[in-house]
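Reader: Hi! Could you walk me through this one, starting with the terms you use?

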Amino acid sequence: MKDIAVVILNHIQYDNIVSGLEELKKCGYSIDIYCSHWDDDSSGMNSMFNDMTDYCKKNNFNVYRKPDANKNYKVLLEPYPCLDISAKYKIKYRYSNVSAKPNIVYKPENYIMYDAILCSGDYDSNYLSVFSKTYKTANLKYENFKKSEVRKSDKKQLLYLPTYGSESSIEQIFDVLDELKNHYYIVAKIHHGTNYLVNEHNRIDLLKDKVDELYDSHTPLTTLLETTDVILTDNSGSIFEGIFTEIPVAVFCDDINKNKTGDFNTTQYELYKDGILPFTNNPNEIVNILEEAQSESVIEKQREWNQTNFYHPENFTADFVNVIKMYLNEDFDKRYFQMHRVLKDSFYNYLHKYQEELPSLRAQVAELQNALAVQKSINSNLESNIADLNSQVDNLSRQVDYYNTGTLYKFAKKIYKLKNGD
């Protein structure tokens, strides 16, 4: 059995875990990196995997593209379920401080499968513990982070960090960027989805002529944060990168709570509601919320929230390495592990049973929908026939009325009366 397998699909994930992996290598543990592979690259995703594969190899990691049934590992580290790699213990590592999209991310099937979940502090460690054992670990990419006073302009430096897909604010902010440039030196970093996905490339073209500097996922976020004065983003995890580094953050998006799940609100909404995070859905108010974010009161509120909710140990890699060693050496609470396996097996048994029954249920639904469509067609024909008959009745009624009031009818009626002795 080999030591450690790690799934890394993009530069963001790499930056968030590499220093911990380097420490594990120094301890003598073997590490295999897995990047996915798609035969069809029409979407652009395989280009991202190819890029990451080459980058990991250049940094002296063993890299594989597909799981090998003959390879078994003691520990698997992955950001979310994506590759079927055989491992005794599975640990979910994070690549953002807090998810801004709980409706997409915080799903039981994305968490229950893991024996451990690495968290950014007491805040997420508390609520994610409903799924599995949680451990606080430092945000590894900030191990050597330091703010810099160097600037390329006399203006304050604004870092714009949009997400991708339907959540992106690029189109909505486009017309306001010229005005923002009157106030700020604008640096933008596109999401890795926008970087690689073919259907996102037009957004790169929209931004490149509107900002002073534009970066893709090859540039570490930490490098840009070193010289940033204020951050503007949308429903993106970068909100919490700014708060973690104590750089003022403001949010522009259509709905700051659109990604809630059930009664569980987004963290950014809770922060906005508590007066910690300036927000607007009006492009014309962006300048104002950026000013609000840089006010002393908001800066202090964001700082306090950061210190209360995010983990800031002196040694950034120690906790990460200790957790992985714990599972490699099986030095943990076996009773908790065994009970969690009961929960995990039960959950996935029900899930697989549902998935097995789903095609049959869908076929039944399709059959009922077809029957309903046929019945609707029959009803429609009947309604049409009824309408025709009603029209005929109306026509006959009008003819009878006309006949009853006509001269010929009145004359015939008198003859009838005379004939019958009336």
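Author: Happy to. Helices (H or I, at least four residues) and strands (E, at least two) are DSSP runs, numbered from the N terminus. This is a predicted model, where local features need pLDDT of at least 70 and side-chain atom pairs count only at pLDDT 80 or more, while totals for chains, interfaces and linings use all residues. Residues are numbered from 1 along each chain as its sequence is written, and side-chain values use heavy atoms, with hydrogens and water left out.

Reader: Great. What phi does Asn60 take, just after α3?

Author: Asn60 has a positive phi of about 65°.

Reader: And which residues of α3 are buried?

Author: Met45, Asn46, Met48, Phe49, Asp51, Met52, Thr53 and Cys56. Buried means under 20% relative accessible area, exposed over 50%, and partly exposed in between, with a 1.4 Å probe and protein chains only.

Reader: What do they pack against?

Author: The buried residues of α3 pack against α1 (11-15), β2 (31-34), β3 (62-64) and α8 (192-196). Contact here means heavy atoms within 4.5 Å.

Reader: Switching topic: how many salt bridges are there in the whole structure?

Author: The search finds 18, counting a side-chain nitrogen of Lys or Arg within 4 Å of a carboxyl oxygen of Asp or Glu. One of them pairs Glu330 with Lys88, at 2.6 Å from N to O.

Reader: Where do Glu330 and Lys88 sit?

Author: Glu330 is in the loop between α15 (318-328) and α16 (334-404) and Lys88 is in strand β5 (residues 86-92), so the bridge ties together parts 242 residues apart in sequence. Glu330 counts as partly exposed at 24% relative accessibility, and Lys88 is also partly exposed, at 38%.

Reader: Nice. What about Glu171 and Arg203?

Author: They form a salt bridge too, with the closest N and O atoms 2.9 Å apart. That pair links helix α6 (residues 170-173), which holds Glu171, to helix α9 (residues 201-208), which holds Arg203, 32 residues apart. Glu171 is partly exposed, with a relative accessible area of 33%, whereas Arg203 is buried at 11%. Salt bridges that share partners join Glu171, Glu200 and Arg203 into one network.
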